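Please find below a short note on the model under review. The points are numbered for ease of reference.

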Amino acid sequence: MPALLIRTYEFINAGIFCAFYFFVFYPVYCNLVAELLHLKMARHQVYFWKQIPLFRLLLPFMAGIIFQWYVGFAQWQLFVLIIGSALFVLPFYWLPAHISYSWRWLQGAAFMVLFFAVGSIITFKSDIRNHPDWIGHNYNDTGILLVTIKEPLVEKNKSYKAIAAVEAISLNNTWQPVKGNILVYFKKDSIAPKLVYGTQIILSKKLQPITNSGNPGAFNYQRYSAFHDIYHQVYLNQQEYIVTKSNVANPFKNWLFNIRFSVTASLKKYIDGEREQGVAEALLIGYRDDLDKDLVQAYSNTGVVHIIAISGLHLGMIYISLLSFFKLFKKQRWVKFAKPVVILIVLWIFSLVAGAAPSILRSAVMFTCLLIGEVLNKKSSIFNTLAASAFLLLCLNPFALWDVGFQLSYAAVLSIVIFMQPIYKWIYFKNKFIDGIWKLNAVTLSAQILTLPIVCYHFHQFPNLFLVTNFVVVPLASIVLYAELLLVLLGNWVSPVAMVMGKAASILLWTMNTFIENLNSLSFVVSGGIQVSVLQAVILYLLIFAFSWWLLRKNTTALKIGLAISLLFVLTRTVDFFQKSKQQKLIVYNIPRHTAIDFINGRNFLFAGDTALFTDPFLQNFHLKPSRILYRIAPGVIDEVVAAYPFVVYNNKKILVIDKSYRFNAAQKLDVDMIVLSKNPRIYISHLNTVFNCKMYVFDGSNPLW
């Protein structure tokens, strides 16, 4: 009974949330965007939101996805909500026109609730934990698993990694079908070459749950894995698994993997330099395992990381090339039917070979809608096309909503659609060449507007030289991409052409990498350390809409709203800075094979740990930097820290750091507040308990897991 009351209470809260969303926020948002897009809202004119039904229904659909993940309805509640809202909508189709028109807002609200519930039910069904045959509901430590390797093995420093699907679990000598994926790591010196995509193995080693590092501000790897149905992992030696004789590879997927392997082999054969090869692979098919980590950071700092992430740029170039090819046969009758079919097949095969990233799938769906509209002689709003692609992707995988690439992709396209023309009209050039350069910069500038809050929230930095780098790198990358396409297509038949293309691509890639690295060496290339919360990101979007409304429509009310929102943004930042100035913290980081401790007082920190962390940018950026950005701290002097090795006194707390073998002797027990064990010291807890009164022991990441 209490559980039923709790769920009823949650249901009522959800209803209040929906009511606020649909009757308060949503109408205001609609009017704001309509004004922003220069849309006349006259009473007898066609209402803009009716022209783009998919776009206005996408918002409650996404709200349902988010609500289901963080709060969640039970399945029966979702079905009640869907059936109830559907039954509420249907009578409007039989009511007299004047009554239906008078109460159309109520019908619209019902549609909003319906799509909110549809988004929630799709998320519920997509969550593997809600399936009764999920491995997490059936697994125990003694279970024997039958798993299938789902991808070619990826080489790491000390192991090979692959995602594997769990097919069945043996309990009491009976195989029981189960669902779910696991991460499998094979020891590098014992791996057998017969482990390929589709191979089935039997293992009995205990699975380990996937967890986060626990470091403040760190990437949520546990949630990222959960969105791919992965909650467990295992590390295997050759003696800990058995390879079966069966291979259950999907022929089409296997063909795609073979194409991917063939493409990477051709690029490695004809392109010089390991770093150039890594960028070439990422640029053409989105293969990122060979990328140099420092080079990726340089691309990110200079604002052109989208070049090495498969996006609409790649599909657009292929699309234009195919259109140009078919123009040669425009007088042939068969072109009318062959053109859309061939273009769609090529675009989708390329998308799948490139890893089916959200950004490229969005582009593939958009081009598909454009081609279908061309065949049917129907033109659709770009907003409807964008919404249609988002609907399809989110129906297939609602968790793509949390994907940074998905967010940036749609924000960039929407920003270009809204702001590109107004920005382009700022300056007029008679010279066509200069005008083309300005148009390219207008596209780059407009794309930054709606992506800015996302970039600041996820990456905590802003590339100051993005205009310069995009102006140089985008044309270079376009030429390289065409050269790579010719290299791959002609490499097996016309070797001299492939060699020429490979040499040209190598030179251009080296030029591009050198240019990026030289710019990255400048001290002002990036504004870093930007900490923006979810609330502040939302306020930034409201600020952008308000000031855009004012600038585009010359509306003084929008200016007042924008100034009020600016004040709110400054207020939230001020409160946050004030809170951080009063903080006192001690952070023992979880970094494999390393010791790292931050003593924090206000906005200063004092570091104690391995000097190797100062020389490894990757370890700093991945483990230490997110925490320091989160707490807004910088290196400084902290008088409250008094060190008398191995003891440290901070803010009247006595801390003992043991990073080597000690033999403590004391006439009476000493009081300490914390004991930090590091570097796997040869010492016994029982002995420490005889010497110290301590209630908190901390084992850092430099110790073995056992």
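**Notes on the predicted model**

1. The side chains of Arg-632 and Asp-576 are joined by a polar contact of 2.7 Å. This distance comes from a predicted model.

2. Arg-632 lies in the loop that runs between α23 (617-630) and β15 (634-635). Is this residue, Arg-632, buried or exposed? With a relative accessible area of 7%, Arg-632 counts as buried, because the cut-off for that class is under 20%.

3. The surroundings of Arg-632 deserve a separate remark. Leaving aside residues up to four places away in sequence, Arg-632 touches Gln-531, Gln-536, Arg-573, Asp-576, Phe-577, Lys-580 and Arg-603. Asp-576, one of these residues, is also the partner in the polar contact of 2.7 Å.

4. A second loop residue, Trp-94, is placed between α4 (75-89) and α5 (97-102). Its relative accessible area is 69%, so Trp-94 is classed as exposed, the threshold being over 50%.

5. Trp-94 also belongs to a nonpolar surface patch of about 720 Å². The other residues that make this patch are Phe-79, Ile-83, Leu-87, Leu-90 and Tyr-93.

6. As for the chain as a whole, 24 helices and 22 strands are assigned. Of its 706 residues, 45% count as buried. The exposed area is about 38,000 Å², and carbon and sulfur atoms supply 64% of that area.

7. On the contact pattern, consider pairs of residues at least 6 apart in sequence: 65% of the contacts between them join residues at least 24 apart.

Definitions and conventions
Residues numbered from 1 in each chain as written. Predicted model: local features only at pLDDT ≥ 70, side-chain atom pairs only at ≥ 80, totals over all residues. Heavy atoms only, no water. Patch = residues over 30% accessible without salt bridge, like charges linked within 9 Å, V, L, I, M, F, W, Y side chains within 5 Å. Areas by Shrake-Rupley, 256 points an atom, 1.4 Å probe, with all protein chains shown as cover. Salt bridge = Lys/Arg side-chain N within 4 Å of Asp/Glu carboxyl O. Helix = DSSP H or I, 4+ residues; strand = E, 2+ residues; numbered from the N terminus. Buried < 20%, exposed > 50% of the residue type's maximum accessible area, 1.4 Å probe, protein only. Contact = heavy atoms within 4.5 Å. Polar contact = N/O pair within 3.5 Å; in protein donor to acceptor, adjacent residues only side chain to side chain.
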